[in-house]
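Work through the exercises below with the sequence and the coordinates open side by side. Each task is followed by a solution that goes step by step.

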Amino acid sequence: MAGTIKNVALFGATGMTGLVTLPQAVGAGYNVTVLVRDPSRLPPDHKASRVVVGDVLNKEDVKKTLEGQDAAIIILGTGNDLSESERWEPTAFILNSINFRGLLVNLMCPLPTTAFLLGDRGRVPPPLVPITEDHDRMHRLLKESGLDYVAVMPPHIADNHPLTERYTVTENMLKGKVISKYDLGHFFVHCLSTTDWDRKTVGLCGEYS
């Protein structure tokens with residue numbers, strides 16, 4: 001995703017990965033707008049250009065967040081709560097709002113816990129079946145949106161490994177078992193300045209000592 005991208009909407013800014021993606025995007029020179037339910041969960045020095053207080057399931061809040069944006073990063077995962085699926089619904093809200101506004105918006109969507117989408121579906125543990133199906137819907141929404149996107153399917157996202165900027169990216173394949181949240185955020189920001197992965201589904205992994 002390259003060209004004249006300057007203004008970026010970030011959905012999921014207060015999650016584990018979102019909190020480290022925000023400063024990397026700001027540090028790279030982007031004007032970042034975030035949609036949050038609770039602004040107190042943002043660091044005091046967050047430096048987001050605009051904070052929209054609202055809900056990703058509220059269409060008006062989503063439209064307000066997308067106002068004037070050139071790209072969007074969607075980081076809506078399940079976290080550690082495996083009962084919280086239905087992540088496809090807010091993704092649909094965002095995509096529908098983009099189409100409604102007629103914007104040419106670039107999208108990146110991490111699909112946590114979805115290494116199974118790149119592998120043997122028969123090996124999905126029963127407790128993870130609803131989440132895998134949920135993320136499958138997210139993936140289909142991206143592919144059918146007609147927009148530029150990068151669908152990122154990370155393995156385990158670790159919060160105890162550093163930013164290395166050295167990780168393996170493979171199309172339709174996952175070669176490793178872990179990626180640090182910092183490297184994952186780095187890749188999201190990197191995709192804003194390159195077309196290498198446009199309209200592709202990628203696996204991402206790193207090696208850490």
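Two strands are said to pair if DSSP finds at least two bridges between them, and the strands themselves (E, at least two residues), like the helices (H or I, at least four residues), are DSSP runs numbered from the N terminus. This is a predicted model, in which local features need pLDDT of at least 70 and side-chain atom pairs count only at pLDDT 80 or more, while totals for chains, interfaces and linings use all residues. Residues are numbered from 1 along each chain as its sequence is written, and side-chain values use heavy atoms, with hydrogens and water left out.

**Exercise 1. Confidence**

Task: Determine where in the protein confidence is lowest and where it is highest.

Solution. Begin with pLDDT, the predictor's confidence in each residue, from 0 to 100. The protein averages a pLDDT of 83, and 80% of the residues score at least 70. Next, turn to the individual elements: confidence is lowest in strand 5 (residues 106–110), at a mean of 53, and highest in strand 3 (residues 50–53), at 98. Where pLDDT is low, the predicted coordinates should not be read in detail.

**Exercise 2. The surroundings of strand 1**

Task: Establish which strands are joined to strand 1 by bridges, and explain why strand 1 is largely enclosed.

Solution. On one hand, strand 1 is joined by five bridges to strand 2 (residues 31–36), and the two run parallel; within this pairing, Asn7 has Asn31 as its bridge partner. The chain passes from strand 1 to strand 2 through helix 1 (residues 18–27), and this β-α-β crossover is right-handed, a term which applies if, with the strands pointing away from the viewer, the path from the first strand over the helix to the second runs clockwise. On the other hand, four bridges join strand 1 to strand 4 (residues 71–74), again in parallel, and there Phe11 is partnered by Ile74. As for enclosure, buried means under 20% relative accessible area, exposed over 50%, and partly exposed in between (1.4 Å probe, protein chains only). Because four of the five residues of strand 1 (residues 7–11) are buried, the strand is largely enclosed by the rest of the structure.

**Exercise 3. Nonpolar cores and helix 5**

Task: Identify which members of the largest nonpolar core touch the most other members, and which element gives the largest share of this core.

Solution. A nonpolar core is a set of buried Ala, Val, Leu, Ile, Met, Phe, Trp, Tyr and Cys residues joined through side-chain atoms within 4.5 Å. Of the 32 residues in the largest one, Leu10, Val34, Val152 and Phe187 touch the most other members. The largest share of this core, four residues, comes from helix 5. A second, separate core has 17 residues, including Ala9, Phe11, Val62 and Leu147. Returning to helix 5, eight of its ten residues are buried, among them Leu184, Phe187 and Phe188.

**Exercise 4. The loop after helix 5**

Task: Is Thr194 buried or exposed, and which backbone nitrogen lies 3.1 Å from a polar atom of its side chain?

Solution. First place Thr194 in the loop between helix 5 (181–190) and strand 10 (200–205), where Asp196 is also found. Thr194 is buried, with a relative accessible area of 10%, whereas Asp196, at 48%, is partly exposed. The backbone nitrogen in question is that of Asp196, which lies 3.1 Å from a polar atom of the Thr194 side chain. Finally, Asp196 and Val150 are 46 residues apart in sequence, yet 9.6 Å apart in space, C-alpha to C-alpha.

Notes:
Polar contact = N/O pair within 3.5 Å; in protein donor to acceptor, adjacent residues only side chain to side chain.
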